[in-house]
Amino acid sequence: VDTFNYKIRKISADGTVTTFAGNGTKEIRDGTGTEAGFKVIRCITVDPTGNLYVADDVGTVIRKITPAGVVTTLNIDSSSLDESLQFDEIDYLAADRTGNLYFTSFGSHCIFKLTGYTTLSILAGNNDPPGYADGSGNEASFNEPTGIVVGRDGNIYVADLNNHRIRKITPAGVVTTLAGDGG
């Protein structure tokens, strides 16, 4: 991502840099290639089919970019979430092989799941209070989860920043600690 030039750049194997999407104007605009506009890009991930997903507008919206450069804004339904579990901004984003996105949000102590790229839910964690506990779903606790990645095995791996641990979450939401002693 080229955040402050409002573009997505592509770097070829020989090191050539080109603009893949974005017109250089700070705006949310769907379109193809340089017809599209971005506001403030926070993070990026790719799904197994080659689609890119970026958190834009300071991480409040998710944009999809197809391999052909077509940019669209996802319509996220968060109506099933309690108001206390809404997210402020997306900080880290990851895609799995089955059409789901996962993300962390600064100030939130949850791992969010976007099913089918539309329906938002909490996979694991809760917002009140931050803490440390392994368990299932909202029985698990995190304290500022940050980096997130989906492994080949389908499990989600999260850096639990203030707990100084690496946590594993199964697709069913079962959280265990892989590494770290909290110190």
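Reader: Which residues does Tyr-53 touch, leaving out those up to four places away in sequence?
Author: This is a predicted model, by the way. In it, Tyr-53 touches Cys-43, Ile-44, Thr-45, Asp-47, Ile-62, Arg-63, Lys-64, Leu-74, Leu-93, Leu-101 and Tyr-117, with residues up to four places away in sequence not counted. Touching here is a matter of heavy atoms within 4.5 Å.

Reader: Which members of the largest nonpolar core touch the most other members?
Author: Tyr-53 is one of them, along with Ile-62, Leu-74, Ile-90, Leu-93, Leu-101 and Phe-103. The whole core has 16 residues. At least two core residues come from each of β5 (52-56), β8 (92-95), β9 (100-104) and β10 (110-115). The largest share, three residues, belongs to β10. There's also a second, separate core of 13 residues, and among them are Ile-111, Ala-140, Phe-142 and Ile-148.

Reader: Why is Leu-74 called buried?
Author: Put its value next to the cut-off: buried means under 20% relative accessible area. Leu-74 comes in at 15%, so it counts as buried. You'll find Leu-74 in the loop between β7 and β8.

Reader: What is Leu-74 in contact with, leaving aside its neighbours within four places in sequence?
Author: Its contacts are Tyr-53, Ile-62, Lys-64, Leu-101, Leu-114 and Tyr-117. Ala-179, on the other hand, is 34 Å from Leu-74, C-alpha to C-alpha, and 105 residues away in sequence.

Reader: What makes Phe-103 and Phe-112 a stacked aromatic pair?
Author: Two checks, one for distance and one for angle. Ring centres have to lie within 6.5 Å, and planes under 30 degrees apart count as stacked. For Phe-103 and Phe-112 the centres are 4.9 Å apart and the planes differ by 10°, so the pair passes both checks. By this rule the count comes to one aromatic pair. As for burial, Phe-103 has 0% relative accessibility, and Phe-112 has 0% as well. Under 20% is what buried takes, so both rings belong to buried residues.

Reader: How do you know how many disulfides there are?
Author: You check the cysteine sulfurs. A disulfide is a covalent bond between the sulfur atoms of two cysteines. To be counted, the two sulfurs must be within 2.5 Å. The cysteine sulfur nearest to that of Cys-43 belongs to Cys-110, and it's 17 Å away, so Cys-43 is in no disulfide. Cys-110 is in no disulfide either, with the sulfur of Cys-43 as its nearest at 17 Å. The total for the structure is zero.

Reader: Are those cysteines, Cys-43 and Cys-110, buried or exposed?
Author: Cys-43 has 10% relative accessibility and counts as buried. Cys-110 is buried too, at 0%.

Reader: What makes the phi of Tyr-6 worth a look?
Author: Its sign. Most residues other than glycine have a negative phi. Tyr-6 isn't a glycine, yet its phi is positive, at about 60°. Tyr-6 lies in the segment before β1 (8-11), and its 16% relative accessibility puts it among buried residues. Glu-144 is another case: it isn't a glycine, and its phi is near 65°. Glu-144 sits in the loop between β12 (135-136) and β13 (145-150), and with a relative accessible area of 13% it is buried.

Reader: How do you know that β6 and β7 pair?
Author: Count bridges. Pairing needs at least two. Strand β6 (residues 61-65) and β7 have three, in the antiparallel sense, so they pair. Ile-65 stands opposite Val-71 in β7. Four residues lie between the strands of this hairpin, where Gly-69 takes a positive phi near 90°. Strand β3 (residues 31-32) and β7 (residues 70-73) have two bridges, also antiparallel, so they meet the cut-off as well. There, Gly-31 is the one opposite Val-71.

Reader: Why are β8 and β11 called edge strands?
Author: Each of them, β8 and β11 (119-125), pairs on one side only. They belong to an open, antiparallel sheet of four strands in the order β8-β9-β10-β11. From one strand to the next, the twist averages 25°. In the β8 and β9 pairing there are four bridges, and Tyr-92 stands opposite Thr-104 in β9.

Terms used: Residues are numbered from 1 along each chain as its sequence is written. This is a predicted model: local features need pLDDT of at least 70, side-chain atom pairs count only at pLDDT 80 or more; totals for chains, interfaces and linings use all residues. Side-chain values use heavy atoms; hydrogens and water are left out. A nonpolar core is a set of buried Ala, Val, Leu, Ile, Met, Phe, Trp, Tyr and Cys residues joined through side-chain atoms within 4.5 Å. Buried means under 20% relative accessible area, exposed over 50%, partly exposed in between (1.4 Å probe, protein chains only). Axes are lines fitted to C-alpha atoms, for helices over the stretch in contact, and angles run from 0 to 180 degrees between N-to-C directions. Rings of Phe, Tyr and Trp (its six-membered ring) pair if their centres lie within 6.5 Å; planes under 30 degrees apart count as stacked, over 60 as edge-to-face and the rest as tilted.
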